[in-house]
Amino acid sequence: MTQWQPIETAPEGGFVLICDANDGDYDVTVSAAWFESGKGWFVDVDSNGELLPYASNATHWMPLPEPPKVTK
């Protein structure tokens, strides 16, 4: 899947790219993960193991791309 998908179809718990709608502009953010138990999008975990929330007007999501192959 390489197309933007409606945010309502985003998977729970896995990190994905998020597209926000803010004042008519769209922003693609760093990866975030949806956790139903936390009722929202989260971008990281702090040093105490707490989820750091991401306030957004998310409209679409897309899977993260494969990381580049590193050659030595």
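Here are some notes on this predicted model, from the whole chain down to single residues.

1. Confidence comes first. The mean pLDDT of the protein chain is 77, and 79% of its residues reach 70 or more. Broken down by element, β1 has the highest mean pLDDT, at 91, while strand β3 (residues 25-28) has the lowest, at 69. Where pLDDT is low, the predicted coordinates should not be read in detail. I'd keep that in mind for β3, given its mean of 69.

2. On secondary structure, there's not much to untangle: the chain has seven strands and zero helices. Read from the N terminus, the order of elements is simply β-β-β-β-β-β-β.

3. Some totals for the chain. Of its 72 residues, 21% count as buried. The accessible surface is about 5300 Å², and carbon and sulfur atoms account for 54% of that. If you take contacts between residues at least 6 apart in sequence, 48% of them join residues at least 24 apart.

4. Which residues make up the largest nonpolar core? There are eight: Ile7, Ala10, Val16, Ile18, Ala32, Trp41, Ala58 and Trp61. Two elements, β2 (15-22) and β7 (58-63), each give two or more residues to this core. As background, nonpolar side chains in soluble globular proteins tend to be buried together.

5. Ala32 is a good core member to click on. Beyond four places in sequence, Ala32 touches Gly14, Phe15, Val16, Ile18, Trp41, Phe42 and Val43. Val16, Ile18 and Trp41 from that list also belong to the core.

6. Now the β4-β5-β6 stretch. Strand β4 (residues 32-35) pairs with strand β5 (residues 40-45) in the antiparallel sense, over three bridges. One pairing to look at is Trp34, whose bridge partner in β5 is Trp41. On to the next pair: β5 and β6 also run antiparallel and are joined by three bridges. Here Asp44 has Leu52 in β6 as its bridge partner. The hairpin of β5 and β6 has five residues between the strands, and within it Gly49 takes a positive phi near 85 degrees.

7. Is Gly40, in strand β5, buried or exposed? Gly40 counts as buried because its relative accessible area is 10%, under the 20% cut-off. Leaving out neighbours within four places in sequence, its contacts are Ala33, Trp34 and Phe35. Gly40 and Pro53 are 13 residues apart along the chain, with their C-alpha atoms separated by 7.1 Å.

8. Leu52 sits in strand β6 (residues 51-53). With a relative accessible area of 34%, Leu52 is partly exposed, so it falls outside the buried class, which needs a value under 20%. Setting aside residues within four places in sequence, Leu52 is in contact with Trp41, Phe42, Val43, Asp44, Val45 and Asp46. For Phe42, ten residues away along the chain, the C-alpha separation from Leu52 is 5.5 Å.

9. Last, a loop residue. Thr9 lies between β1 (5-6) and β2, and is partly exposed with a relative accessible area of 47%. What does its side chain do? A polar atom of the Thr9 side chain lies 2.7 Å from the backbone oxygen of Pro6. Across the sequence, Thr9 and His60 are 51 residues apart, yet their C-alpha atoms are 8.7 Å apart in space.

Note on methods
Residues are numbered from 1 along each chain as its sequence is written. This is a predicted model: local features need pLDDT of at least 70, side-chain atom pairs count only at pLDDT 80 or more; totals for chains, interfaces and linings use all residues. Side-chain values use heavy atoms; hydrogens and water are left out. A nonpolar core is a set of buried Ala, Val, Leu, Ile, Met, Phe, Trp, Tyr and Cys residues joined through side-chain atoms within 4.5 Å. Buried means under 20% relative accessible area, exposed over 50%, partly exposed in between (1.4 Å probe, protein chains only). Helices (H or I, at least four residues) and strands (E, at least two) are DSSP runs, numbered from the N terminus. Contact means heavy atoms within 4.5 Å. Accessible areas come from the Shrake-Rupley method with a 1.4 Å probe; for residues, only the protein chains shown count as cover. Two strands pair if DSSP finds at least two bridges between them. A polar contact is a pair of N or O atoms within 3.5 Å; within protein, one must be able to donate a hydrogen and the other to accept it, and residues adjacent in sequence count only if both atoms are side-chain atoms. pLDDT is the predictor's confidence in each residue, from 0 to 100.
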